[in-house]
Every structure is written in C-alpha cells, then in structure tokens.
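Let's take a walk through this model, starting with the overall fold and working down to single residues. Keep the viewer open as you read.

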Amino acid sequence: MEAVKVAVIYYSATGTVHSLAVAAADGAEKAGATVRLRKVRESAPETAVAANPAWEQHARDTLDVVEATLDDVAWADVVLFGTPTRYGTPAAQLNAFIDTTGPLWQQGQLADKVYTAFSASGTAHGGQESTILALSNVFYHWGGIIVPPGYTDSIQYRSGNPYGTSHVSGEGPPGDLALEAARHQARRAVETATALKLGRAAA
Ligand SMILES: Cc1cc2nc3c(=O)[nH]c(=O)nc-3n(C[C@H](O)[C@H](O)[C@H](O)COP(=O)(O)O)c2cc1C
C-alpha cells in the first residue's frame with residue numbers, strides 16, 4: 001500500500017504552534033507517513049510583525065518553511081491543523097487559508113479525509129478547546145473524519161487535552177510532554193488513515 005500522506009498545516013506568530021507542528025510531522029513520519037509541513041501565509045501588516053520582536057524573529061526563522069496551498073490539502077489523506085488561540089477561536093491567518101478551500105469542497109475533495117487539530121494559548125483556560133472545536137465545525141462541513149487524541153495513550157493523562165494537543169505558551173515553549181502528545185496525535189491519525197486506506201482498497 002502507498003504510504004499515508006499527511007499535511008501539517010499551521011499558523012504560528014511566535015513559534016509555539018510551529019514547535020507542535022514540527023513534532024506532529026515527526027510523529028507522522030515515524031508512523032510511516034509521507035509528510036508535508038506547511039505554514040499558512042502571514043496576512044498581518046509588516047508594521048504589526050515588526051512591532052513584536054518574537055513575531056519578527058519567528059518569521060525570519062521559518063522563511064524556509066513552504067507556504068500551504070490547496071494542493072497540500074487535496075494531496076493529503078490526513079490533515080493536522082495547528083493554530084494559536086485568538087480570543088478562543090483560530091487565528092485569522094489560518095481561517096483565511098481555510099476560506100480558500102471552496103473549490104475543493106465543491107468538488108468533494110475535502111470529504112473522507114482524516115482531520116485533527118492542535119492549539120496553544122497564553123493562559124491555561126484561555127480557549128484551547130474552543131479553538132479546536134471551532135476547527136471541528138469546519139471538518140463537519142467538509143465531511144471529514146475527525147480523529148481526536150482522546151485518552152488513547154498514557155501521555156494524554158499527563159498532557160490533558162483529549163480534543164487535541166495544546167500548550168500554554170505563557171509558561172514557556174512546549175517541552176517534552178506537549179511535543180510527545182503532538183507526536184501521539186499524529187501517529188493516531190496516521191494509524192486511522194492506514195486502516196481506512198486498507199479497508200477502502202479491500203472494498
Ligand atoms: C489577538 C490575540 C488574541 C489572543 N487571545 C488569547 C486568548 O483568548 N486566550 C489566551 O490564553 N491567549 C490568547 N492569546 C495568546 C496566544 O494564544 C498565544 O500567544 C499563542 O498561543 C502563542 O502561539 P504562537 O507562539 O504559535 O504564536 C492571544 C494573542 C493574540 C495576539
């Protein structure tokens with residue numbers, strides 16, 4: 001069977017979600033998938049980015065990360081979306097990318113894929129779950145197969161978010177716990193997609 005294809009599509013201003021995305025890509029690769037790690041296009045004014053040294057630094061550090069296109073979504077069997085929380089909802093930059101998927105949706109190309117999402121917030125109860133659930137609304141419209149991490153691995157009892165890997169950026173960059181949770185989430189999505197692929201091939 002051809003390897004499961006995974007797109008990790010994310011937005012990150014100051015690097016937290018980027019770190020989770022890299023870990024998710026690693027987890028997917030280790031599970032045998034072919035992986036594309038993609039950032040969505042920055043749409044904030046240059047003056048806003050320049051006014052925040054951490055934002056500007058992260059933009060410089062990730063110049064080599066390829067920007068997401070619709071082809072990445074069409075190509076993938078699994079899409080993991082990552083976003084910081086913005087007032088309890090996904091970042092505008094990721095929403096802007098999602099808003100360009102209309103043509104794929106019309107052609108039925110978004111249905112039947114595996115989707116899962118991860119997030120970061122400044123504070124512990126700052127909206128990680130509502131952000132991930134907001135993305136799930138999109139997956140429902142797409143006819144996606146939502147694969148949350150749940151409590152399917154012991155790491156989940158320690159990292160603590162069954163909706164999707166999350167990190168409190170106000171406490172510093174993601175450590176081993178969050179990064180391992182991201183790897184587990186991606187691994188589980190790949191395993192589910194593998195089972196679907198095998199089942200569809202046999203049908
Ligand atoms: C406009 C804006 C809104 C935000 N809203 C929230 C929020 O509602 N709750 C929260 O805990 N953090 C909030 N944050 C903090 C971000 O979620 C946090 O900086 C982010 O998770 C860091 O991720 P990144 O390093 O990948 O950019 C907000 C940040 C910005 C700029």
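Two residues count as being in contact when their C-beta atoms, placed from the backbone, lie within 7 Å. With that in hand, residues 24 or more positions apart make up 79% of the contacts in the protein chain that have a separation of 6 or more. Bear in mind that this is a predicted model.

**The whole chain**

The protein chain has nine helices and seven strands. Its radius of gyration is 16 Å, close to the 17 Å that the globule rule gives for 203 residues, so the chain is as compact as a globular protein of that length. Lay the C-alpha trace along its principal axes and you get spans of about 55 × 40 × 30 Å. As for burial, 46% of the 203 residues count as buried.

**Strand β1 and its partners**

A good place to start is strand β1, residues 5-10. This strand is mostly covered, with six of its six residues buried. K5, A7 and I9 point one way from β1, while V6, V8 and Y10 point the other way, and all are buried.

Strand β1 pairs with both β2 and β3. Here are the two pairings next to each other:

| Pair | Sense | Bridges |
|---|---|---|
| β1 (residues 5-10) and β2 | parallel | six bridges |
| β1 and β3 (residues 78-86) | parallel | five bridges |

If you want to find the register in the viewer, K5 stands opposite T34 in β2. To get from β1 to β2, the chain passes through helix α1 (residues 16-30), and this β-α-β crossover is right-handed. On the β3 side, Y10 has G82 as its bridge partner.

How many of the six residues of strand β2 are buried? Five of them are, so β2 (residues 34-39) is largely enclosed by the rest of the structure.

**Two buried valines in helices**

Now for a couple of single residues. V73 sits in helix α4, which covers residues 70-75. A residue is called buried once 20 or more other C-beta atoms lie within 10 Å of its own. V73 has 25 other C-beta atoms within 10 Å, so V73 is buried. Leaving aside residues up to four places away in sequence, V73 touches A7, V79, T101, L104 and L110. One of those contacts, A7, brings us back to β1. V73 and A92, by contrast, are 19 residues apart in sequence and 18 Å apart in space, C-alpha to C-alpha.

The other valine is V138, in helix α7 (residues 128-142). V138 counts as buried because it has 20 C-beta neighbours inside 10 Å. Its C-alpha atom is separated by 9.9 Å from that of N95, and the two residues are 43 residues apart along the chain.

**Around the ligand**

Which residues come nearest to the ligand? Of the 19 residues around it, those are T16, P84, S121, G122 and G126. The elements giving two or more residues to this shell are α1, β3 and β5 (114-121). So α1, the helix of the crossover from β1 to β2, turns up here too. By type, the shell divides into five nonpolar residues, 13 polar and one charged.

Note on methods:
Residues are numbered from 1 along each chain as its sequence is written. This is a predicted model: local features need pLDDT of at least 70, side-chain atom pairs count only at pLDDT 80 or more; totals for chains, interfaces and linings use all residues. Helices (H or I, at least four residues) and strands (E, at least two) are DSSP runs, numbered from the N terminus. The radius of gyration is taken over C-alpha atoms; the globule rule is 2.2 Å times the number of residues to the power 0.38. A residue is buried if 20 or more other C-beta atoms lie within 10 Å of its own, exposed if 12 or fewer, and partly exposed in between; C-beta atoms are placed from the backbone. Two strands pair if DSSP finds at least two bridges between them. A crossover is right-handed if, with the strands pointing away from the viewer, the path from the first strand over the helix to the second runs clockwise. A residue is near a molecule or strand if its C-beta atom, placed from the backbone, lies within 6 Å of it. Ala, Val, Leu, Ile, Met, Phe, Trp, Tyr, Cys and Pro count as nonpolar, Asp, Glu, Lys and Arg as charged, and the others, Gly among them, as polar.
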